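Q: Got a minute to walk me through some helix packing?
A: Sure, let me pull up the structure.

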Amino acid sequence: MKLCIVGTGYVGLVSGACFSDLGNTVFCVDKDVNKINLLNEGIIPIYEPGLEELVKKNHKQKRLIFTNNIENAIKKSDIVFICVGTPTNKKNNSANLKYVYQVSKQISKYINRYKIIVIKSTVPFTTGDKIEKIIKKKNNKKLFDVVSNPEFLREGEAIRDFIHPDRIVVGTNSKKANKMLKNLYESIIKRSGKYFKTSRRGAELIKYASNSFLATKISFINEIANLCEKAEVNVEDVSIGMGLDQRIGSRFLRPGPAYGGSCFPKDTKAIATIANNFKTNLSIVKAVIKSNDKRRNLLLDRVFEIMGNKINKKIITFLGVTFKPNTDDMREASSLKMIPLLIKKGAYIRYHDPSGIKKEFKKYKQAVFYKDISKACLKSDLVIIHTEWNEFKTINFKKVVKKNNIKIFDMRNIYSPNKMKKNNIKYFSIGR
Ligand SMILES: NC(=O)c1ccc[n+]([C@@H]2O[C@H](COP(=O)([O-])OP(=O)(O)OC[C@H]3O[C@@H](n4cnc5c(N)ncnc54)[C@H](O)[C@@H]3O)[C@@H](O)[C@H]2O)c1
């Protein structure tokens with residue numbers, strides 16, 4: 001099949017690469033000319049394990065085409081995927097759908113034969129209805145179907161998730177569109193995924209409800225970890241004990257910093273806002289949003305406590321600054337709040353992240369990127385393990401820090417408190 005992907009970001013690029021690898025011809029479009037130029041030169045603008053090989057292979061075989069020419073890409077395609085961003089509208093916490101509607105207007109101009117318009121971006125229910133209205137203004141209804149097909153991939157595991165998804169959700173009432181999408185996903189469905197067809201609004205809500213539920217799980221265990229600290233109970237035992245119950249499951253039950261990333265923070269806010277518009281109070285989701293906001297300050301308070309409130313002129317090293325490992329995505333990472341605040345209190349920040357230097361910290365003279373983990377830790381007053389990259393799992397801290405009174409705040413519970421104690425390291429972790 002011939003596909004057009006509009007928006008070549010984390011979701012669009014991964015989807016484009018994977019669909020082309022399945023034998024389809026894919027036009028990846030982006031309004032960012034620089035991004036398209038880089039991709040055409042074989043440079044991948046994001047960090048995602050395995051993506052570079054997949055992109056290069058399919059680009060070379062001319063199945064994966066990067067272009068700014070949206071007209072040509074749409075006209076030549078059977079299916080058009082909308083994969084643009086839907087960030088938070090800061091005024092009212094709703095999803096900002098400006099990019100989605102811009103693309104819809106462009107699509108409406110270039111429909112030359114029957115096409116399916118698939119919304120892969122995460123959008124509030126009723127967005128599909130609005131897109132349909134936009135396209136209908138310029139086109140006969142028989143010439144297109146607007147379908148919701150939310151994406152569930154996780155950054156860092158994106159290719160595996162795309163090829164081996166738990167489920168493929170398709171929201172449409174059109175038999176024709178459903179048949180074509182089933183064909184497109186056929187080999188993925190055969191391999192592992194379950195294909196679930198529902199209404200368009202149903203599919204839109206499934207995505208928001210799923211992300212809100214996962215965010216709830218994280219916030220829940222984070223609060224239980226707070227209790228464990230007071231009650232002298234090991235939160236890891238609680239996670240294991242709870243997770244063994246198949247109704248609960250063990251995933252997303254590990255405490256840590258506030259949840260971040262490009263999805264959970266914005267999607268929880270957006271679902272709560274659209275529910276308000278539908279006169280429904282999602283009080284649980286609202287409580288989760290509050291709990292997560294509080295957590296950012298709570299862990300900072302913990303840093304002050306560990307340092308005896310003496311932050312001025314102290315060297316604090318962050319191991320990892322991204323919101324999770326195996327991605328370079330900094331959107332809503334806890335480090336974005338913590339580092340500026342610690343700098344304000346006079347700290348010298350060093351940071352190492354396997355995905356490289358971050359433009360977000362360039363404006364701070366006191367935040368310095370270190371390529372080398374050992375150099376970043378050397379003579380630090382406090383090392384904060386912020387992100388669970390594999391690189392941080394086997395560090396001999398006594399050797400690399402070279403300070404007798406070293407302090408480590410392990411926000412990911414990677415290390416054993418007992419072993420740290422034996423090595424005379426002042427070690428702090430979460431909920432244990
Ligand atoms: N990142 C994830 O892990 C993830 C997972 C599942 C779903 N989603 C959802 O998928 C959507 C996209 O997320 P992302 O992380 O890939 O975003 P992104 O910001 O990485 O990429 C969006 C891309 O769209 C491009 N764009 C914007 N307007 C355009 C236009 N008019 N024409 C062409 N290109 C345009 C931007 O230049 C950018 O490259 C969001 O709704 C998000 O919630 C993201």
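What follows is a chat about helix 13 and how it packs with helix 12 and helix 14.

Q: Before we start, what kind of model is this?
A: It's a predicted model.

Q: OK. How many residues does helix 13 have, and how far does it reach?
A: Helix 13 has 24 residues and reaches 34 Å from its first C-alpha to its last, close to the 34 Å expected at 1.5 Å a residue.

Q: And what follows helix 13?
A: G308 does, and its phi is positive, near 60 degrees.

Q: Now the packing. At what angle do helix 13 and helix 14 pack?
A: About 40 degrees, with the axes 10 Å apart. Helix 13 covers residues 283-306 and helix 14 covers residues 335-344. The two are therefore oblique to each other.

Q: Right-handed or left-handed crossing?
A: Helix 13 passes helix 14 in a right-handed crossing.

Q: Which residues make that contact?
A: From helix 13, R296, L299, L300, V303 and F304; from helix 14, K337, M338, L341 and L342. By class that's seven nonpolar, no polar and two charged residues.

Q: Does spacing like that have a general logic?
A: An α-helix has 3.6 residues a turn, so residues three or four places apart point the same way.

Q: Switching sides: how do helix 12 and helix 13 pack?
A: Helix 12, residues 264-277, packs with helix 13 at about 145 degrees, axes 9 Å apart. Helix 12 passes helix 13 in a left-handed crossing.

Q: Who's touching whom there?
A: T268, K269, I271, A272 and N276 of helix 12 meet V285, K286 and I289 of helix 13. That contact has four nonpolar, two polar and two charged residues.

Key. Residues are numbered from 1 along each chain as its sequence is written. This is a predicted model: local features need pLDDT of at least 70, side-chain atom pairs count only at pLDDT 80 or more; totals for chains, interfaces and linings use all residues. Side-chain values use heavy atoms; hydrogens and water are left out. Axes are lines fitted to C-alpha atoms, for helices over the stretch in contact, and angles run from 0 to 180 degrees between N-to-C directions. Helices (H or I, at least four residues) and strands (E, at least two) are DSSP runs, numbered from the N terminus. Angles under 35 degrees count as roughly parallel, over 145 as roughly antiparallel, 65 to 115 as roughly perpendicular and the rest as oblique. A crossing is left-handed if the near helix is turned anticlockwise from the far one by less than a right angle, and right-handed if clockwise. Contact means heavy atoms within 4.5 Å. Ala, Val, Leu, Ile, Met, Phe, Trp, Tyr, Cys and Pro count as nonpolar, Asp, Glu, Lys and Arg as charged, and the others, Gly among them, as polar. The expected span of a helix is 1.5 Å times one less than its number of residues.
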